[in-house]
Amino acid sequence: METLLNSQKKRGGPVLFSRYKGGEGIHKAFEMGRENILFEVKTSGLKGRGGAGFPTATKWMLTAASVSDKKFIICNADEGEPGTFKDRVLLLEYPELVFEGMVIAGYTIGANQGIVYLRGEYEYMRKSLEDYLEMMRKENLLGKAIIGKTDFNFDIKIHLGSGAYVCGEETALIESLEGSRGEPRNRPPYPVNTGYKGHPTIVNNVETLASIPHIITKGGEWFRKYGTEKSTGSKLFSVSGDCEKPGVYELPWGTSIKELLEVVGAKDTKAVQIGGASGTCVPKSQFHRILAFEDAATGGSVIIFNENRDMLKVLKNFMEFFVEESCGQCTPCRIGNVKLLEGIEMIERGNYTFTYINNLKDLARTMQFSAKCGLGQSSLNPFLSILENFKDEIFNPCRNGGSNGKAS
Ligand SMILES: Cc1cc2nc3c(=O)[nH]c(=O)nc-3n(C[C@H](O)[C@H](O)[C@H](O)COP(=O)(O)O)c2cc1C
Ligand code: SF4
């Protein structure tokens with residue numbers, strides 16, 4: 001097993017891309033026992049890498065405390081956020097970390113089944129993942145009585161999504177897994193109590209799970225040596241856009257935007273979209289800000305725009321995405337995103353009033369607390385941040401040959 005693993009390695013990084021020997025995490029976890037695993041995960045301060053940053057130890061403890069004859073571990077590999085492609089790298093190059101993270105989670109909370117919800121567009125990697133799972137079964141790292149632990153059976157299956165962004169939202173994902181339309185559920189109840197098929201379920205991002213074997217083998221204190229007090233460890237950033245070296249980078253939380261731009265060879269940068277389409281657009285004057293949950297938070301997507309980019313076009317592109325991807329279940333998101341897009345088209349034509357644009361900003365703020373799920377609660381972020389931070393460019397009277405906007 002190690003031969004195949006090592007033959008694939010080509011990256012370096014302090015935590016996730018640091019040395020790891022396949023199988024080590026499971027062996028160590030069994031030696032430690034459930035209580036100590038939870039203790040180390042809590043000590044590490046690990047927060048969910050899927051975007052929301054929920055403390056992983058708390059999620060695991062809640063699911064462990066839920067009483068049920070069945071429990072499930074779901075690995076969220078939907079990776080639909082525009083500009084995010086770091087989970088793809090983990091699954092392709094470091095499957096041992098992801099799958100072993102699932103086994104350790106299953107052992108800790110008393111689950112016997114793990115499911116990887118794999119983004120539809122990642123179908124091409126299914127075969128290599130299935131091969132890896134088969135190899136783990138042969139090594140008895142999956143299956144019955146894993147490495148002699150007679151009271152623990154665990155296996156993992158892969159379920160392919162169909163390409164809907166909203167299915168990355170954990171309750172929509174569960175609906176989709178159950179064979180229903182991928183629409184978010186009302187919460188509470190939360191998946192930790194009532195998840196897949198009504199049973200307690202952990203839904204964790206690929207990167208969150210991939211951090212676990214490192215935390216178990218090297219310790220929670222080792223992990224929290226990296227990053228900041230509130231954002232411990234390192235983060236994988238998917239960097240795209242106007243730079244010389246786009247790609248996946250492992251950097252400690254707390255790295256400033258300016259530092260990241262230097263690492264990836266970005267020049268004449270005007271704006272950086274942090275957190276994908278649903279994130280925030282940061283202008284040059286704020287490049288001192290740090291990548292961390294307490295400042296510029298991101299599930300990993302960093303999109304760079306240089307001075308030649310038209311920020312209104314950037315914004316339009318994001319809003320078209322949300323209009324397309326809204327599941328339509330609740331009015332603030334179904335109608336709200338369409339109205340925001342119409343507003344952008346009015347600005348494009350130079351046919352708007354500032355009163356109307358201000359009304360749209362109010363609508364955006366209303367969506368933030370009235371939409372049912374994270375999609376509609378965050379789709380307005382680029383609308384507010386781009387209009388605010390690039391108002392001189394967007395509302396420039398010269399934009400449409402002098403016909404831009406009426407100040408009423
Ligand atoms: C519209 C939408 C899409 C999402 N897409 C993903 C995704 O592709 N991958 C992911 O891990 N989390 C995604 N999330 C967050 C999940 O709902 C959930 O918070 C996450 O999987 C929990 O894992 P974590 O605690 O390890 O971060 C999405 C949320 C929303 C609202
Ligand atoms: S916010 Fe949007 S995606 Fe979420 S439930 Fe409402 S309509 Fe569906």
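Two strands are taken to pair where DSSP finds at least two bridges between them. In this predicted model, that criterion is met by strand β7 (residues 269-274) and strand β9, which run antiparallel and are joined by five bridges. Within this pairing, T269 has N306 as its bridge partner in β9. Strand β9 is also joined to strand β5 (residues 234-241), here by four bridges and in a parallel arrangement, and in this second pairing V239 stands opposite V302 of β9. Of the six residues that make up β9 (residues 301-306), five are buried, a residue being counted as such if 20 or more other C-beta atoms lie within 10 Å of its own, and the strand is therefore largely enclosed by the rest of the structure. In a regular strand, side chains alternate between the two faces of the sheet.

The largest nonpolar core comprises 111 residues, and those with the most contacts inside it are I74, V98 and V103. Helix α6 (residues 95-109) contributes nine residues to this core, which is the largest share. When neighbours within four places in sequence are left aside, V103 is in contact with I26, L141, L142, I146 and F154.

Two ligand environments were then examined. Ligand 1 is surrounded by 23 residues, of which G48, G50, G168, N205 and G374 are the closest. By class, this shell divides into ten polar, seven nonpolar and six charged residues. Strand β4 (201-205) and helix α15 each supply at least two residues of the shell around ligand 1, and the largest share, three residues, comes from β4. Because residues of this shell are given both by domain 1 (2-224) and by domain 3 (311-394), ligand 1 lies between these two domains.

Around ligand 2, the shell consists of 14 residues, with C327, C330, C333, C373 and G376 as the closest. The elements that give two or more residues to this shell are α13 (331-349) and α15 (374-378). Its composition by class is eight nonpolar, four polar and two charged residues. Helix α15 thus appears among the contributors to the surroundings of ligand 2 as well as among those to the shell around ligand 1.

Technical notes
Residues are numbered from 1 along each chain as its sequence is written. Chains are lettered from A and ligands numbered from 1 in the order in which they are written. This is a predicted model: local features need pLDDT of at least 70, side-chain atom pairs count only at pLDDT 80 or more; totals for chains, interfaces and linings use all residues. A residue is buried if 20 or more other C-beta atoms lie within 10 Å of its own, exposed if 12 or fewer, and partly exposed in between; C-beta atoms are placed from the backbone. A residue is near a molecule or strand if its C-beta atom, placed from the backbone, lies within 6 Å of it. Ala, Val, Leu, Ile, Met, Phe, Trp, Tyr, Cys and Pro count as nonpolar, Asp, Glu, Lys and Arg as charged, and the others, Gly among them, as polar. Domain bounds come from an automatic or database domain assignment. A nonpolar core is a set of buried Ala, Val, Leu, Ile, Met, Phe, Trp, Tyr and Cys residues joined through C-beta atoms within 7 Å. Two residues are in contact if their C-beta atoms, placed from the backbone, lie within 7 Å.
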